[in-house]
Each structure stands twice: as C-alpha cells, then as structure tokens.
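Hello,

Here is the structure for your files. My notes on it follow below.

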Amino acid sequence: MRATQCMRNSVVTFSYTPAVGQMRAIARVARNYREQALKIYPWICGRGGREFTHANLRELTVHHRDHDHDNIPPDGSNWELLCLYCMTTNISRN
Ligand SMILES: [Zn+2]
C-alpha cells in the first residue's frame, strides 16, 4: 500500500515540475523578444509616430504583425513597436 502511495506522489511531482519550468521559459522568452525588438527598432510608435525615452518606455509595446506570439524571427521582421494607445486600437480593429 505504502509503495503505491509513493509512486503516485512521485508521478504527480514529475508531471507538475516541467509545467512550471515551461511557464518560466515562456516568461523569459517574452522578456527577451521585447528587449530584442527595442534593440533593433527606434523607440517610435509604428502608427502614431510618438517617440519614447527610458522614462516612458513601458508604454511602448511589441506587436506581432501576424498575431502569432511564437513567430519570433531573429531579424525582428514580425515585430512592430506600438504605443499602448495604438496597440489597443489595433487589437480592437482586428
Ligand atoms: Zn501610437
């Protein structure tokens, strides 16, 4: 009886751990592609033309042109920098 209980516990632990690791990996990728995009592109909103500095950079978001967040080409061609205002407008239009 005790051995069965042990097995069950270890299975639960095993299946849970990779999921947490995966979540962390996704969060890390999300942070990385934003940094990548900010290195490649000038800090200007692609729609409104508003310029950004370190002071308000958090209002500048990375938009995926094809809406596929997993499509991350190394040259950044799937990205577009948009301010929060244009991002919201853009999403509601599509
Ligand atoms: Zn804008």
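**Confidence and findings**

The mean pLDDT of the protein is 82, and 77% of the residues reach at least 70. Please keep in mind that this is a predicted model. Confidence varies by element: helix 1 (residues 2-40) has the lowest mean pLDDT, 70, while strand 2 (residues 79-83) has the highest, 95. Over residues 9-15 the pLDDT stays under 50, and the model has zero contacts beyond four places in sequence for that stretch.

**Fold**

The secondary structure consists of two helices and two strands, in the order α-β-β-α along the sequence. The protein has 94 residues, of which 11% count as buried. Among contacts with a separation of 6 or more, 52% are between residues 24 or more positions apart.

**Core**

The largest nonpolar core is made of 10 residues: Ala 37, Cys 45, Leu 60, Val 62, Trp 79, Leu 81, Leu 82, Cys 83, Cys 86 and Met 87. Strand 1 (60-64), strand 2 and helix 2 (84-93) each give two or more residues to this core. The largest share, four residues, is from strand 2. As general background, nonpolar side chains in soluble globular proteins tend to be buried together.

One member of the core, Val 62, can be followed through its contacts. Leaving aside residues up to four places away in sequence, Val 62 touches Tyr 33, Arg 34, Ala 37, Trp 79 and Leu 81. Of these partners, Ala 37, Trp 79 and Leu 81 are also listed in the core.

**Two single residues**

Is Val 29, a residue of helix 1, buried, partly exposed or exposed? Val 29 counts as partly exposed because it has 13 C-beta neighbours inside 10 Å, where a buried residue would need 20 or more. The C-alpha atoms of Val 29 and Ile 72 are separated by 9.6 Å, and the two residues are 43 apart along the chain.

His 67 is in the loop between strand 1 and strand 2. His 67 is not a glycine, yet it has a positive phi of about 65°. With 11 C-beta neighbours inside 10 Å, His 67 falls within the limit of 12 or fewer and therefore counts as exposed.

**For your reading of the model**

When you go through the coordinates, please treat residues 9-15 separately, given the pLDDT under 50 there. Strand 2, by contrast, has the highest mean pLDDT among the elements and also gives the largest share of the core.

Regards

Technical notes
Residues numbered from 1 in each chain as written. Predicted model: local features only at pLDDT ≥ 70, side-chain atom pairs only at ≥ 80, totals over all residues. Contact = placed C-beta atoms within 7 Å. pLDDT = per-residue confidence, 0-100. Core = buried A, V, L, I, M, F, W, Y, C linked by C-beta atoms within 7 Å.
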